[in-house]
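Hi,

Here is the structure I promised to hand over. Have a look at it first, and then read on for what turned up.

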Amino acid sequence: MDINVALLKEICEIAGAPGFEKRVRDLVIDLVTPLVDEVKVDNIGNVIAIKKGIKNPDGKRVMIAAHMDEIGFIVTHIDDNGFLRFHTLGGFDPKTLTAQRVIVHGKKDLVGVMGSKPIHVMSAEERTKLPKTTDFFIDLGMPKEEVEKYINVGDPVTRDRELIEMGDCVNCKSIDNRVAVFILIETLKQLKNPAYDVYATFTVQEEVGLRGANVAAHGINPDFGIALDTTIAFDVPGAQAHEKVTELGKGTAIKIMDAMTICDYRMVEFMKQTADKGKISWQPEILVAGGTDTAGVQRMGKQGAIAGAISIPTRHLHQVIEMAHKKDIADSIALLKACLEDIDQYDWKH
Ligand SMILES: [Zn+2]
């Protein structure tokens, strides 16, 4: 179950709001360049790292997609007292923003706090209502003149939370989807003999609608596609058995469908057989709300791709304290590696 926690920490903690992925992209390029035959960056900003197949007479391409961006915010207004207003980039549950620290990425990084109305001055009616994202503002603790030296409308904002280990789990902001970035990089390190050409793609702007993956799949035109992303683990107090989606520590998850994709039944079966053969523990995943890069990978190539996804069970998804289990992370690396080595062995005609 040993994973390189120091590397995962570095990848999770770096900033990369949708459309502002430069820092995480530069880190990814540094990490993958020694591992592959070629690294390209397309115009929208996806990193495409290509590792040639050892036996690939038909020139088949396998695209693996892991999005680099994280849910974040963008500054929309600086008021007369130096408080910031913002818009969300990606889906937030507003109640989880209360009293969080964030980092505003202007001419320099400034720590801010998500402020809202204290309960002491709320009316009885206000106390019963769920907050909205528009109820919040960012407080930098500085007057307007000072704020404007560093911050402009349009600057991105990300959550501020470091990675820690808790039992056999890791806890940080941006486990979605840096854990998948980590899994893809660790797989490339271990992958000696891929059957077909592997296009390891680190996509941008997934959290605002799979925008990078759509462009990348159009350019790569893959025959096979596997997306890597987090999924819900609702294995917590109060959850009914049928609501859990996945559970932490029970293995990697093989996606059957999400709200935007019905995975190819052959890819699902291939993944299950490959996991069983390699004694890799796995659980099925059906996510009825929310989509992933799987959709772009499946549908944006000229003839579509035989596509599926490996998902990482994650508690507290889209909050500041996302949590995954080291065993599930290790199982995901093992399954992806085995799939890339054995993909030419499966009978895809049935
Ligand atoms: Zn994600």
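**What I found**

Let me start with T231, whose side chain makes a polar contact with the side chain of E285 at 2.6 Å. By polar contact I mean a pair of N or O atoms within 3.5 Å; within protein, one must be able to donate a hydrogen and the other to accept it, and residues adjacent in sequence count only if both atoms are side-chain atoms. Before going further: this is a predicted model, so local features need pLDDT of at least 70 and side-chain atom pairs count only at pLDDT 80 or more, while totals for chains, interfaces and linings use all residues. Residues are numbered from 1 along each chain as its sequence is written, and side-chain values use heavy atoms, with hydrogens and water left out.

Back to T231, which sits in strand β13. Helices (H or I, at least four residues) and strands (E, at least two) are DSSP runs, numbered from the N terminus. T231 has a relative accessible area of 1%, so it is buried; the cut-offs are under 20% for buried, over 50% for exposed and partly exposed in between, with a 1.4 Å probe and protein chains only. Setting aside neighbours within four places in sequence, the residues in contact with T231 include V245, T246, E285, L287 and P313. Contact here means heavy atoms within 4.5 Å.

**The zinc ion**

The protein donors of the zinc ion are H67 (NE2), D176 (OD) and D229 (OD), with D229 (OD) listed twice, and they lie 2.0 to 2.7 Å from the ion. Donors are N, O and S atoms within 2.8 Å of the metal (3.2 Å for Na, K and Ca); water is not among the atoms, so the site may look incomplete. H67 belongs to strand β3 and D176 to helix α5, so this pair ties together parts that are 109 residues apart in sequence. Along the chain, the donor spacing reads H-x108-D-x52-D. Both H67 and D176 are buried.

What about the geometry? The 4 donor atoms subtend angles of 50 to 142 degrees around the zinc ion, which makes the arrangement irregular. For the record, four donors count as tetrahedral if all angles lie between 85 and 135 degrees; four count as square planar and six as octahedral if opposite donors are over 155 degrees apart and all others between 65 and 115; anything else is irregular.

**E206**

UniProt lists E206 under "active site", in an unreviewed entry. Its positions are given in the numbering used here, feature names are shortened, and annotations may be inferred rather than shown by experiment. E206 lies in the loop between β12 (197-203) and α6 (211-220), and at 5% relative accessibility E206 counts as buried. Its side chain makes a polar contact with the side chain of H67 at 3.2 Å. Not counting residues up to four places away in sequence, E206 touches H67, D69, D229, G291, T292 and D293, so two of the zinc donors, H67 and D229, turn up here as well.**Salt bridges**

How many salt bridges are there? The count comes to 25, taking a salt bridge as a side-chain nitrogen of Lys or Arg within 4 Å of a carboxyl oxygen of Asp or Glu. One of them joins D109 and R23, at 2.9 Å from N to O. D109 is in strand β7 (residues 109-115) and R23 in helix α2 (residues 22-32), so the pair ties together parts that are 86 residues apart in sequence. D109 is partly exposed at 36% relative accessibility, and R23 is partly exposed at 39%.

E70 and R178 form a salt bridge too, at 3.3 Å from N to O. E70 lies in the loop between β3 (61-67) and β4 (72-78) and R178 in helix α5 (residues 175-190), so the pair ties together parts that are 108 residues apart in sequence. Both E70 and R178 are buried.

D235 and R315 also meet in a salt bridge, at 2.8 Å from N to O. Salt bridges with shared partners join E70, R159, K173, R178 and E322 into one network.

**A helix residue**

V32 lies in helix α2 and is buried, with a relative accessible area of 0%. Leaving aside neighbours within four places in sequence, V32 is in contact with V39, A49, I185, L188 and F202.

Over to you!
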